[in-house]
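Trainee: I would like to learn how to read a model like this one, feature by feature. Could you walk me through it?

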Amino acid sequence: MTVAPVITPIRPEIRALQPQLIQWRRAFHQRPELGFQEVATAARVMHLLRQWGYEPETGIAKTGVVAVIRGQKPGPVLALRADMDALPIQELNTVPYRSQVDGVMHACGHDGHTAILLGVAHYLAHQRDNLRGTVKLIFQPAEEGPGGAKPMIEAGVLQHPQVEAIFGLHLWNDLPAGAVGVRAGPLMAASDFFSCRIQGRGGHGAKPQQTIDALVVAAQVVVALQTVVARQISPLEPAVVTVGELHAGQARNVIADQATLGGTVRYFNPDLAPVMPRRLEAIIQGICQAYGATYQWDYEYLYPPLVNDPAMTDLVRTVAQQVVEPTLGLMPDCQTLGGEDMAFFLQAVPGCYFFLGSANPLKGLDFPHHHPRFDFDEAVLSLGVELLIRCLEQYGR
Ligand code: NI
C-alpha cells in the first residue's frame, strides 16, 4: 500500500478544527457504546450542538440525534449521516486514548465519523450567513446491527423538510490515508443472515446404524452451501456464502443428536435477494432428507445493497478531485461485500456514500476494521469535514 501524504486544500477554518476533531474522536474512542446504547455519545453530541446554537433532537430510534441548520440563502435540503456505535471487541491497542470499557471498542472508525460530522456542524454554525438551503445532520445508532438507519427513516428524519439528497463517508483502512474511494451503483453488498438447526438421532459412537448423525449431515450442508455461489450464481455476479458458526456434539464417542450452523450471505444484485434463501434451503432440505434428518431454519434480510446515485457520485468525485493529492493514483473504483445500513437512506433518497482512506502503515495504523488493534490516521479527520462541506456547497451547481 502506498502512503498518501495528506496534502490538501483544506480551508483554514476547517484546518483549525483539527485539534478539536482529534479530541472529540478520542473522547468517543475512550467511551465506546454498543448499538442503541449510545447514551453518553448522544449526550456529548447534543451538548456540543447546543453550544453552537443548534436545537438538536434526540431519542430518535432510541439514541439517534438529528440537528437541522437553515442557511440565510435559499437552496436545497441536504442531509449528512454519521454512525456512532462501537463493537463488542476487547481493544488491544495501548494508546493513551484506548477504550476504557472492557469488551467494547470503536474498531470500525465510527468515533471518527461522529467527530467529522461534529466538525461539519461546527463549521456550518459559523457560516450560516453563507449557507444555501437547509442541512440535516443525522447521528445514527447501531450501524453494526441490528441497524439504526431504518428506524430513523421510519421516525421521519428525511421529512419535514423533505431531504433531497444525502451524503456520508466511511473511514477506510483498505485505502491509504487521504485517498477517496467511490463508485456509482452498488458500493457495498446486501447483508443477510441465516441460521439452521439440524435434528438427527443421537446414539453410541460405535453403533451408527441406530442413529441419524446430525454432525455428518451438517458437515455436508456446510460444504454443499459453497456450491450456491460456485455453481448456481453467475460468475459475473459477486456473491458470498459464509458459514461462520457450526456447533455439534459433546463427546468423542457419542453421535450428535443435533447440529446448529449459521452464516451470512452477501451480494450486490438486488435480484438475488429472493434467490439466495431458496437455493440455500434447497440444499439444506435435500441433504437432511437424504439422511432422514429434519431441520428448522431462518433467513433474515438485514441490510440491502448500498447503491450510489450516479449524479451524486459524480459530485463526490468532482469534490474529491479538488482535495485529494492527485499523484497517488487515487479514486479507485472500489467495492466491498461488506454491508452498511446507509443503504436504507440511499434507498429512500438519492445520494452517495464513499470511503475516505485512513490507513498509514508508517504509523502502524493499518489494521483492518473490526480488528482489536484497529486504529486510523487522525490526520484525515479535517479532510473528511472538507469533503462533506464541499458536497453541500457544490450540490446542484
Ligand atoms: Ni463501519
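**Reading the model**

Mentor: Gladly! Let us begin with Ala-79, which counts as buried because its relative accessibility is 0%. Keep in mind that this is a predicted model.

Trainee: Where is Ala-79 placed?

Mentor: Ala-79 belongs to strand 3.

Trainee: And which residues is Ala-79 in contact with, leaving aside its neighbours within four places in sequence?

Mentor: Those contacts are Lys-136, Ile-138, Val-163, Ala-165, Ile-166 and Phe-167. You can also look at C-alpha separations: Ala-79 and Thr-134 are 55 residues apart along the chain, and their C-alpha atoms are separated by 8.4 Å.

Trainee: Now the metal, please. Which residues coordinate the nickel ion?

Mentor: For a metal site, look at the donor atoms and then at their places in the sequence. Here the nickel ion is coordinated by SG of Cys-108 together with NE2 of His-110 and NE2 of His-170, at 2.2 to 2.3 Å. The spacing of these donor residues in sequence is C-x1-H-x59-H. Cys-108 and His-170 link distant parts of the chain, 62 residues apart: Cys-108 is in the loop between strand 3 (73-83) and helix 4 (110-125), while His-170 is in strand 5.

Trainee: Are Cys-108 and His-170 buried or exposed?

Mentor: Both Cys-108 and His-170 are buried. As you check angles, remember that the ideal values at a metal are 109.5 degrees for four tetrahedral donors, and 90 or 180 degrees for six octahedral ones. Do bear in mind that water is not among the atoms, so sites may look incomplete.

Trainee: How do I read the backbone? Which peptide bonds are cis?

Mentor: Omega is the angle to inspect. The bond from Gly-145 to Pro-146 is cis, with omega near 0 degrees, and Pro-146 lies in the loop between strand 4 (132-140) and helix 5 (149-154). A cis peptide bond also joins His-160 and Pro-161, where omega is about -5 degrees. Pro-161 is placed in the loop between helix 5 and strand 5 (165-176).

Trainee: What about phi? What is its value at Phe-36?

Mentor: For phi, look at the sign and at the residue type. Phe-36 is a residue other than glycine with a positive phi, near 65 degrees. Phe-36 is found in the loop between helix 2 (18-30) and helix 3 (39-51), and is buried, with a relative accessible area of 19%.

Trainee: And what is phi at Ala-61?

Mentor: Phi of Ala-61 is near 55 degrees, again positive in a residue other than glycine. Ala-61 sits in the loop between strand 1 (57-60) and strand 2 (64-70). With a relative accessible area of 14%, Ala-61 is buried.

Key:
Residues numbered from 1 in each chain as written. Predicted model: local features only at pLDDT ≥ 70, side-chain atom pairs only at ≥ 80, totals over all residues. Heavy atoms only, no water. Helix = DSSP H or I, 4+ residues; strand = E, 2+ residues; numbered from the N terminus. Buried < 20%, exposed > 50% of the residue type's maximum accessible area, 1.4 Å probe, protein only. Donors = N, O, S within 2.8 Å, 3.2 Å for Na, K, Ca; no water. Contact = heavy atoms within 4.5 Å.
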